[in-house]
Amino acid sequence: MTELVRTESLHKQFGELEVLKGIDLSVEAGETVVLLGSSGSGKSTLLRCINFMELPTSGKVYLHGKAVGTETKGQIKYNESHLCSVRTKVGMVFQHFNLFPHMTVLQNIMEGQRTVLKRNAADSKEKSMLQLERVGLTDKAGEYPSRLSGGQKQRVAIARALAMDPDVMLFDEVTSALDPELVGEVLKTMRQLADEGMTMICVTHELGFAYHVANRVLFLNDGTILEEGNPQQILRKPETQRMCEFLEGHSLFKLPD
Amino acid sequence: MEYNWDFATIFLNWRVYWFGLQGTLLMFAVTVTLGMFGGLIIGVLRYLKHPLAAWPARTFVEIFRNTPVLVQIIWFYYAFPILTGIETSPFLAAALGITLNTMAFSAEIYRAGIQSIDKGQWEAGKAIGMNFRQTLWRIIMPVALKRVLPALTNRGIEVFKMSTLASVVAYVETLNQAKLIADLNYNPIESYTAVALIFFVVLFPIVQATYALERVLKRGDE
Amino acid sequence: MEWDFTPALNNIDILLLGLVNTLKITGLSLCFGIPLGLLMALSRLSEFRPLSMLAAFIIEFFRTTPPLVQLFWFFFAFPILFNVNMTPFTTAIVTFSIQSSAFFAEIFRSGIQSIDRGQWEGARAIGMTRNQSLRRIILPQAVKRMIPAFMERSIELLKTTTLVSTIAYTDLMYQANDIAQKTFRPLEVYTVVALIYFVLIFCFSQLSIVIERRMARSGEGTVH
């Protein structure tokens with residue numbers, strides 16, 4: 001197995017507040033990793049540091065074994081245009097979709113390919129339609145996002161990220177803003193991606209998804225990784241008091257027998 | 001070209017500017033007070049459903065919002081006396097133009113403020129037995145006025161700047177005095193820069209205060 | 001007192017010529033003022049402190065000083081200071097372009113800031129640079145919201161152009177003064193001119209109200 005993403009003693013501070021207190025994480029190609037944790041545990045920040053939506057205060061992120069940024073005298077400098085190219089390889093899907101309302105579904109998916117990757121119109125259109133097929137929304141290509149349901153919007157957002165041919169996909173609580181009956185279709189799409197061998201790091205509260213789809217589950221608490229392991233083991237027999245409490249808070253979820 | 005910088009004259013003539021600034025302040029005080037009180041009445045009339053109240057108010061607002069204030073001032077200075085036989089001094093003509101203009105603009109601000117209040121407030125007033133007037137002045141207006149305060153201060157700043165137009169009919173205010181000094185001493189750069197700075201110094205703190213006020217009110221709304 | 005509109009109507013061609021000049025100044029000042037306003041807004045939003053502070057100062061200065069003072073400054077002081085020749089026409093264009101750009105800058109800024117942060121993030125996440133995000137994602141959405149405020153400001157500009165009559169540029173106001181003096185009928189002349197301004201501005205503001213309503217109906221927010 002080849003390592004795709006690795007973080008090394010990653011720290012992130014917002015002013016006085018230390019959100020990440022040294023995260024060491026390694027994700028291999030084809031793996032699906034789920035990050036659990038209560039709000040404020042730092043899981044979203046960790047995700048946003050991996051594609052540099054937030055710049056880490058210290059520590060390193062490696063992609064394909066190569067550290068991002070250049071180090072001089074212990075200080076890591078990030079070049080914005082290099083980060084842009086990193087972000088094309090690390091796709092991200094957001095809680096609130098962030099689709100572009102002034103563009104149709106097709107234009108949304110083509111935008112990054114045209115503007116950033118400089119693909120020609122025909123190629124990017126073909127590619128976009130392929131991704132739309134993957135998420136099952138070919139018939140919505142000409143619609144504007146405002147005409148879609150939340151679940152459909154999120155699937156378009158997934159297609160938009162996939163169209164950039166990312167090596168790894170980050171999912172930041174992508175079902176949290178959805179009506180309960182729409183959660184299923186998005187999870188189904190994500191599961192399908194995992195089955196196809198996409199490398200995925202997901203922040204989610206869907207324990208069922210974690211249990212059935214994840215190869216590995218990490219439990220974050222107060223900026224550190226408190227527990228880590230395969231979902232069957234970690235969700236059934238949590239070792240720490242903190243994680244027990246967290247799972248009790250999600251009592252609606254019943255583990256399969 | 002050789003230009004002899006002459007800031008000394010500006011400082012030596014500070015009384016001339018001060019005299020002008022007094023004229024500006026007088027014009028501002030009169031027009032902003034009358035304009036904003038008058039505007040309140042027009043704004044409320046505009047909100048009433050009765051056609052005899054709403055239509056004249058609407059006509060007034062449209063006429064004075066949709067003509068340049070300079071045209072209004074000139075009209076009151078040259079045309080109004082012929083029409084009515086009443087002589088208008090430069091002060092009166094300018095004050096009339098600016099006041100009526102301010103009434104029209106602030107009326108629309110008040111009206112928008114009243115309209116922004118939730119219908120439930122009117123119903124709540126009615127439900128405890130208040131009549132229209134009581135509800136308007138005791139329930140609706142206090143909230144509406146607070147809401148439109150930033151827009152009113154902005155209008156006030158515009159009115160202050162507008163006072164310079166009175167110089168066109170030879171009312172003695174700051175710009176007029178600057179022109180006087182420039183013509184007498186051949187130092188237009190210094191004298192006109194000075195008048196620009198005077199306005200900036202007076203208005204800049206007020207503009208900043210308006211921004212602060214907007215932020216405070218926005219926070220209060222949440 | 002008897003109304004007699006014949007002197008005013010006999011000179012209507014001169015008045016209309018003035019109207020053309022009024023529109024010319026308004027139009028040209030908009031052509032320069034809007035791009036300049038965008039430039040100032042972007043400078044003000046820049047993360048480079050000195051640039052954003054300079055832009056903020058210029059914007060505030062031109063918003064807090066009376067346009068008539070600015071006009072006089074550019075007409076009487078500017079030519080001596082920089083040893084250039086300023087006709088009433090160029091003075092008007094320069095003054096009103098800069099003056100209105102300060103107001104347009106604030107409209108641009110509030111338009112850009114009204115766009116949800118998620119739009120910037122969505123654009124960044126697919127690898128767009130700040131410039132690409134601004135040009136392709138943020139501005140197209142922001143400009144739409146700014147249209148009513150743009151129109152309102154343009155109408156204000158149209159009214160402000162009457163000031164050029166004080167430096168003897170032959171706009172509608174100037175022609176009115178001229179004819180009123182020559183015919184000794186200020187009442188009729190100024191009333192006719194007020195009417196011309198009214199019809200012009202009233203039509204523009206009705207148009208902007210229609211546009212704003214249509215946008216409100218399509219669920220599009222607006223900024224002021």
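Let's start where two chains meet: 32 residues of chain C are in contact with 32 residues of chain B, where contact means that the C-beta atoms of two residues, placed from the backbone, lie within 7 Å. This is a predicted model, in which local features need pLDDT of at least 70 and side-chain atom pairs count only at pLDDT 80 or more, while totals for chains, interfaces and linings use all residues. Residues are numbered from 1 along each chain as its sequence is written, and chains are lettered from A and ligands numbered from 1 in the order in which they are written.

## Where the chains touch

On the side of chain C that touches chain B, at least two residues each come from helix H3 (49-64), helix H4 (67-82), helix H8 (172-183) and helix H9 (186-217) of chain C. Helices here are DSSP runs of H or I with at least four residues, strands are runs of E with at least two, and both are numbered from the N terminus. H9(C) gives the largest share of this side, 11 residues.

Chain A also meets chain C, in a contact that takes 22 residues from chain A and 15 residues from chain C. Helix H2 (80-89) and helix H3 (105-115) of chain A are the elements that give two or more residues to the side of chain A that touches chain C. Of these, H2(A) gives the most, with 6 residues.

The table sorts contact residues by class. Ala, Val, Leu, Ile, Met, Phe, Trp, Tyr, Cys and Pro count as nonpolar, Asp, Glu, Lys and Arg as charged, and the others, Gly among them, as polar.

| Contact | Nonpolar | Polar | Charged |
|---|---|---|---|
| Side of chain C that touches chain B | 23 residues | 7 residues | 2 residues |
| Side of chain A that touches chain C | 9 residues | 9 residues | 4 residues |
| H7(C) with H9(C) | 8 residues | 2 residues | 3 residues |

## A helix pair in chain C

The last row belongs to helix H7 (residues 130-160) of chain C and H9(C), which pack at an angle of about 170° with their axes 9 Å apart. Because of that angle, H7(C) is roughly antiparallel to H9(C), a label for angles over 145 degrees. Axes are lines fitted to C-alpha atoms, for helices over the stretch in contact, and angles run from 0 to 180 degrees between N-to-C directions. Among the residues making the contact are Ile147(C) and Met151(C) of H7(C), and Phe204(C) and Ile211(C) of H9(C).

## The sheets of chain A

Now to the strands. In chain A, 6 strands form an open sheet with mixed pairing, in the order S8-S9-S10-S3-S11-S12; two strands pair if DSSP finds at least two bridges between them. Strand S8 (90-93) and strand S12 (224-229) of chain A are the edge strands, each pairing on one side only. From one strand to the next, the twist averages 20°.

Within this sheet, strand S3 (residues 32-36) and strand S10 (residues 199-203) of chain A pair in the parallel sense over 4 bridges. Here Thr32(A) has Met200(A) in S10(A) as its bridge partner.

Helix H5 (residues 150-162) of chain A lies across S8 and strand S9 (168-172), running at about 170° to S8(A). Helix H9 (residues 241-249) of chain A lies across S3, strand S11 (216-221) and S12, at about 75° to S12(A).

Other strands pair too: strand S1 (residues 3-14) and strand S4 (residues 58-63) of chain A are antiparallel over 5 bridges, and Glu8(A) stands opposite Lys60(A) in S4(A). S4(A) also forms a hairpin with S5(A), with 2 residues between them, and His64(A) in the turn has a positive phi of about 50°.

Notes: Angles under 35 degrees count as roughly parallel, over 145 as roughly antiparallel, 65 to 115 as roughly perpendicular and the rest as oblique.
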